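Please find below a note on the model under review, set out as numbered points. The points take up the internal cavity, the sheets and their packing, and the aromatic contacts.

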Amino acid sequence: MEEKQTENPEQLQIREQEKETYAIDVKDVVKIYKLYDKPKDRIREAFGFGKKQTHKLHYALNGVSLKIRRGETVGIIGTNGSGKSTILKIITGVLNPTSGEAVVQGRISALLELGAGFNMEYNGIENVYLNGTMMGFSEKEIDRKLPEILEFADIGDYVYQPVKTYSSGMFVRLAFAVAINIEPEILIVDEALSVGDVFFQAKCYHKFEEFKKLGKTIVFVSHDLSSISKYCDRVFLLNKGNLLGEGSPKEMIDAYKRVLVGQYEVPDHKEGQNLLGDEELQAAAGKASGINPEVLEYGTKQALIEEYYITDDRGVRTTAVIKGSAFTVHMRVRFTDHVPAPIFALSFKNVIGTEITGTNSMIEKAFLDSAEPGQVKNVTFTQRMTLQGGEYLISLGVTGYNGDTFEVYHRLYDTINITVVSDKNTVGYYDMESVVEVKDAQVSTE
């Protein structure tokens, strides 16, 4: 009979020290899903009909290891399908890994997705008690916490209505209020805060600050790079189930920007992990790079905008720009006809369609010559980013005057999405970059 290998005292001491140091220790976690082309293939394979394998293996996570210290606020970033939500579900016990393990030290409160743990037929109060009971609290303990939960949620008399009647914003307010007020040692949040309004988000992040001061551990997944930059001590970057790296928010956001445009060396994938063909990968890369696949375009086509993209202050193609840094919008224009005085234009909108700012080559007195058929012009707009952190849409155009007639040769609306990453947002659309000084005033004693 094989003897069970026992740890020596030194190994036991190291293990105990790690328990005290790390709130979460994920070790070589692999999560594999079987994907079938047709539902009937799953049934046939389950019952052993036929010898041919009908599934493909998809590695949602591919040997991921990460350690999160007690009291850290950690972000996990990556493109859609990178495994961010999967790793959170394994940490919280919602999913079991195919192999590897996730060791958690402390009480977890998780806000993974809207509706998780809520009964849609119950009202808000009943769901507070339901969730509290599931987390191990007695009715008396929930009674004591209820006023604080309701004050934080701030949804008024709707708390007495069935949850199925709530808007998504009301739903997340109540869910987060429960999660944040049950005194967790570890708080896990997956994108849920993007649903609430700006005031509720500010309240949540203020609570994050309180948690940090109390030495709580926070792990959150977000596409809001500004929040990642502002609140995280450390960031993990995932891509297609692989852990690409960990480091400071700035380092990992820079790496993420390179991933978006395919300029980051990705670890080798296991067999069966890459389920997309070359053409599909190129299409996915185009979508990830912020290019709108359904861009609105029109014009006479006497000039054609053939290519367009953004580069950061290092000349790297990106769709995420750090507030305060320089960036350049590029467009390549081919002329198919004589154009007497082309005007190259750029504008920015916010996500609700409000025009924020813009300029053109005529305003800037940058190019006032004519263009001939076959000529190609590389046009660049370079500036420093002073917009507030958030998401914006860029529109491009080539226009001009033919005599007194205004002509649109080619216009592309909302063609590129750009993310502004900021750890300091002022009021309004852009930062005035004010220099504030406060000095002691000399008070007369007469």
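How much space lies in the largest cavity?

1. The model is a predicted one. In answer to the question above, the largest cavity holds about 30 Å³ of space. The structure has one cavity of 30 Å³ or more.

2. The lining of the largest cavity is made up of Val-128, Gly-132, Ile-142, Lys-145, Ile-149, Val-178 and Ile-182. Two elements, helix H4 (124-134) and helix H5 (139-153), each give two or more residues to this lining. The largest share comes from H5, with three residues.

3. Turning to the sheets, one open sheet is formed by six strands in the order E5-E6-E7-E3-E8-E9, and its pairing is mixed. Its edges are strand E5 (108-111) and strand E9 (242-247), each of which pairs on one side only. From one strand to the next, the twist averages 15 degrees.

4. Within this six-stranded sheet, strand E3 (residues 73-77) pairs with strand E7 (residues 217-221) in the parallel sense, over four bridges. Thr-73 stands opposite Ile-218 in E7. Helix H3 (residues 84-92) packs on the sheet and touches E3, E5, strand E6 (186-190), E7 and strand E8 (234-239). The direction of H3 makes about 150 degrees with that of E6.

5. A further helix should be considered alongside H3. Helix H6 (residues 168-180) lies across E5 and E6. The angle at which H6 runs to E6 is about 160 degrees.

6. Strands E8 and E9 run antiparallel and are joined by five bridges. Leu-238 has Leu-243 in E9 as its bridge partner. The hairpin of E8 and E9 has two residues between the strands, and Lys-240 in this hairpin takes a positive phi near 50 degrees. A reader inspecting the backbone may wish to view this hairpin together with the edge position of E9.

7. A second open sheet should be described separately. Three strands in the order E11-E13-E16 form an open sheet with antiparallel pairing. Strand E11 (303-311) and strand E16 (376-384) stand at its edges with a single partner strand each, so one side of each has no neighbour in the sheet. With direction ignored, neighbouring strands of this sheet are turned by 20 degrees against each other on average.

8. Strand E13 (residues 326-335) and E16 run antiparallel, and nine bridges join them. The bridge partner of Ala-326 in E16 is Arg-384. In a regular strand, side chains alternate between the two faces of the sheet.

9. Which residues form one aromatic cluster? The cluster consists of Phe-335, Phe-344 and Phe-367. The count of aromatic pairs comes to seven, with ring centres within 6.5 Å taken as the rule.

10. Two contacts between a charged side chain and a ring complete the note. Arg-317 lies over the face of Tyr-309, at 3.6 Å from the ring centre. The charged end of Lys-67 sits over the ring of Tyr-22, and its distance from the ring centre is 5.1 Å.

Conventions. Residues numbered from 1 in each chain as written. Predicted model: local features only at pLDDT ≥ 70, side-chain atom pairs only at ≥ 80, totals over all residues. Heavy atoms only, no water. Phe/Tyr/Trp six-rings, centres within 6.5 Å; stacked < 30°, edge-to-face > 60°. Lys NZ or Arg CZ within 6 Å of the ring centre and 35° of its normal. Pairing = 2+ DSSP bridges. Axes fitted to C-alpha atoms, helices over the stretch in contact; angles between N-to-C directions. Contact = heavy atoms within 4.5 Å. 1 Å grid on protein atoms, 1.4 Å probe; cavity = no way out; pocket = protein on both sides within 12 Å on 5 of 7 lines; lining within 4 Å. Points joined across faces, edges and corners; volume = space filled by probe spheres on them.
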